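Biologist: Please take a close look at the disulfides and at where their cysteines lie. How many disulfides does a search of the whole structure find?

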Amino acid sequence: LWIGKGEEGETTGVPCVSGMSLEDATNEITAAGLAVGAVICKECKTSADSLNAVVFRQSPSCSGDNNLVSSGTSVDIFLTLDGKSFKHDSIRKPEHK
């Protein structure tokens, strides 16, 4: 859900990025007028690991009726190398290019 982006004081919906690669999640978040905050991957030991990981959690969440935030808000991303270790109704499978 994207409500809008742009001028200071405007609100926008937080996109669901669970199941996406870091690159795809970053693109979705910035396209919504938000910023990528902390990127956490406890399992990742190299930058290649981060590129192969998928998002399993985000903050703020995209679920619920209260997912509107101010434009420019940071969205923290939590990554895992084991995409099968979590379940989420709105998981998007990462596209391999």
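Modeller: What follows begins with the chain as a whole, turns to the disulfides, and ends with their surroundings.

This is a predicted model, in which local features need pLDDT of at least 70 and side-chain atom pairs count only at pLDDT 80 or more, whereas totals for chains, interfaces and linings use all residues. Residues are numbered from 1 along each chain as its sequence is written, and side-chain values use heavy atoms, with hydrogens and water left out.

The chain has two helices and five strands, which follow one another in the pattern β-α-β-α-β-β-β; helices (H or I, at least four residues) and strands (E, at least two) are DSSP runs numbered from the N terminus. Of its 97 residues, 32% count as buried, where buried means under 20% relative accessible area, exposed over 50%, and partly exposed in between, with a 1.4 Å probe and protein chains only.

To your question: the search finds two disulfides, a disulfide being a pair of cysteine sulfur atoms within 2.5 Å. Counting the bonded cysteines along the chain, the pattern is 1-4, 2-3. One disulfide is formed by Cys-16 and Cys-62, with 2.0 Å between the sulfur atoms, and this link is right-handed, with 100 degrees about the S-S bond. Cys-16 is in the loop between β1 (11-13) and α1, while Cys-62 is in the loop between β3 (54-59) and β4 (68-70), so this pair ties together parts that lie 46 residues apart in sequence. Cys-16 counts as partly exposed because its relative accessibility is 22%, whereas Cys-62, at 9%, counts as buried.

The other disulfide joins Cys-41 and Cys-44, their sulfur atoms also 2.0 Å apart, and the link of Cys-41 and Cys-44 is right-handed too, with 70 degrees about the S-S bond. Cys-41 has 15% relative accessibility and therefore counts as buried, and Cys-44, at 17%, counts as buried as well.

The loop between β3 and β4, where Cys-62 lies, also holds Pro-60, which is joined to Ser-59 by a cis peptide bond with omega of about 5 degrees.

The loop of Cys-16 leads to α1, and the buried residues of α1 are Leu-22, Asp-24, Ala-25, Glu-28 and Ile-29. They cover an arc of only 165 degrees around the axis, which means that they are on the same side of α1; the arc is that of the directions from the helix axis to the C-beta atoms. These buried residues pack against β2 (35-40), α2 (47-52), β3 and β5. After α1 comes Gly-33, whose phi is positive, near 85 degrees.

The largest nonpolar core has 17 residues, and Leu-34, Ile-77 and Leu-79 have the most contacts inside it; such a core is a set of buried Ala, Val, Leu, Ile, Met, Phe, Trp, Tyr and Cys residues joined through side-chain atoms within 4.5 Å. The elements giving two or more residues to this core are α1 (22-31) and β5 (74-80). Beyond its neighbours within four places in sequence, Leu-34 has contacts (heavy atoms within 4.5 Å) that include Val-14, Pro-15, Ile-29, Val-69 and Val-75.
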